[in-house]
Amino acid sequence: MNKEKLNILIVDDHDVVVRGIALIVEEALAGQAISIETVTRGCEAIERMSRRHYDLCILDIEMPDIDGLGMLKIIRAEHPEIKIIVNTIHEELWYVKDYIKAGVEGILFKSVKAEEIGIAVKSVIGGDIYFCNRARAIARIVEGYNSPTNKELEVLQLLSAGKSTEEIARRLGISPNTAETHRRHLLDKLQARNVAELIMNAVSQGIIASNK
């Protein structure tokens, strides 16, 4: 990004959040020529990108008007040159897998301190990859772990919510035998003897959030 002026787009459905991030970025890049725009709707972000070039997008995945991961895929397909920092509440392994697969340059969870946003922005602008500590730990799990499939992760979510095999089968539109097979695979992959231990191991390894 060696150019005189950096164009930055901040996308979040909360106005107070985009304003706050904008101030943090301005402070972090003090002395550098920048143009910051903020939007609170995903469709508006995509529309703006079609009209103007941006160097960096700080992107909240959880948007009310468009699927966040779908939006990320659109941006990557249509504007591969834009560097993306995902700023999200979703810390689960399967989300981090999707962020990494999309090739984002940064991952920040909304639990990070404000100053870390500035550090991430400067790192990504400088050509580096920046994951916050927890995202980096989960990324290591993704890279070296016999990760559950997407369907197994759906089953895991429902198991963690206390659903039975029959309820999971109905919810996912699969047979009870298939649901049970997914459960056995999960027990094997997470080295658990029962569902309680499965959930405990999943939480300890960052596969599901501890508050779920």
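A residue counts as buried when its relative accessible area is under 20%, as exposed when that area is over 50%, and as partly exposed in between. Lys97 has a relative accessible area of 22%, so it is classed as partly exposed. The model in which this residue sits is a predicted one.

Lys97 belongs to helix α4, which covers residues 93–101. Leaving out residues up to four places away in sequence, Lys97 touches Val142, Ser147 and Pro148. Another residue to compare with Lys97 is Ile141, which is 44 residues away along the chain. The C-alpha atoms of Lys97 and Ile141 are separated by 9.7 Å.

Now consider the chain as a whole. The protein chain has 10 helices and six strands. Its C-alpha atoms fill a box of roughly 60 × 30 × 30 Å along the principal axes. Of the 212 residues in the protein chain, 49% are buried. The chain exposes about 10700 Å², and carbon and sulfur atoms supply 49% of that area. Among contacts between residues at least 6 apart in sequence, 61% join residues at least 24 apart. The side chains include 27 positive and 31 negative ones, and the centres of these two sets lie 3 Å apart.

The interior can be followed through its nonpolar residues. The largest nonpolar core has 71 residues. Those with the most contacts inside this core are Leu59, Leu72, Tyr99, Val121, Leu156 and Ile207. Leu156 touches Leu186, Leu198, Ile199, Ala202, Ile207 and Ile208, not counting residues up to four places away in sequence.

Val121, another of these core residues, is also one of the buried residues of helix α5. The other buried residues of α5 are Glu116, Ile117, Gly118, Ala120, Ser123, Val124 and Ile125. Helix α5 runs over residues 114–125 and has 12 residues. From its first C-alpha to its last, α5 reaches 18 Å, close to the 16 Å expected at 1.5 Å a residue. After α5 comes Gly127, whose phi is positive, near 100 degrees.

Helix α1, residues 15–28, contains Ala28. Apart from its neighbours within four places in sequence, Ala28 is in contact with Gly118 and Lys122. Ala28 and Glu167 are 139 residues apart in sequence, and their C-alpha atoms are 50 Å apart in space.

Helix α9 can be checked in the same way as α5. Its 14 residues should span 20 Å at 1.5 Å a residue, and its end C-alpha atoms are 20 Å apart, which agrees. The buried residues of α9 are Ala179, His182, Leu186, Leu187 and Lys189. The cover over these buried residues includes α7 (150–160), α8 (165–172) and α10. Leu186 was met above as a residue that Leu156 touches.

Just after α9 comes Gln191, with a positive phi of about 50 degrees. Why is this value worth noting? Most residues other than glycine have a negative phi. Gln191 is a residue other than glycine, yet its phi is positive. Gln191 is placed in the loop between α9 (176–189) and α10 (195–204). Is Gln191 buried or exposed? Its relative accessible area is 67%, and the cut-off for exposed is over 50%, so Gln191 is exposed.

Note on methods
Residues numbered from 1 in each chain as written. Predicted model: local features only at pLDDT ≥ 70, side-chain atom pairs only at ≥ 80, totals over all residues. Heavy atoms only, no water. Helix = DSSP H or I, 4+ residues; strand = E, 2+ residues; numbered from the N terminus. Buried < 20%, exposed > 50% of the residue type's maximum accessible area, 1.4 Å probe, protein only. Contact = heavy atoms within 4.5 Å. Areas by Shrake-Rupley, 256 points an atom, 1.4 Å probe, with all protein chains shown as cover. Lys, Arg positive; Asp, Glu negative; His and termini not counted. Charge placed at Lys NZ, Arg CZ, Asp CG, Glu CD. Expected span 1.5 Å × (residues − 1). Core = buried A, V, L, I, M, F, W, Y, C linked by side-chain atoms within 4.5 Å.
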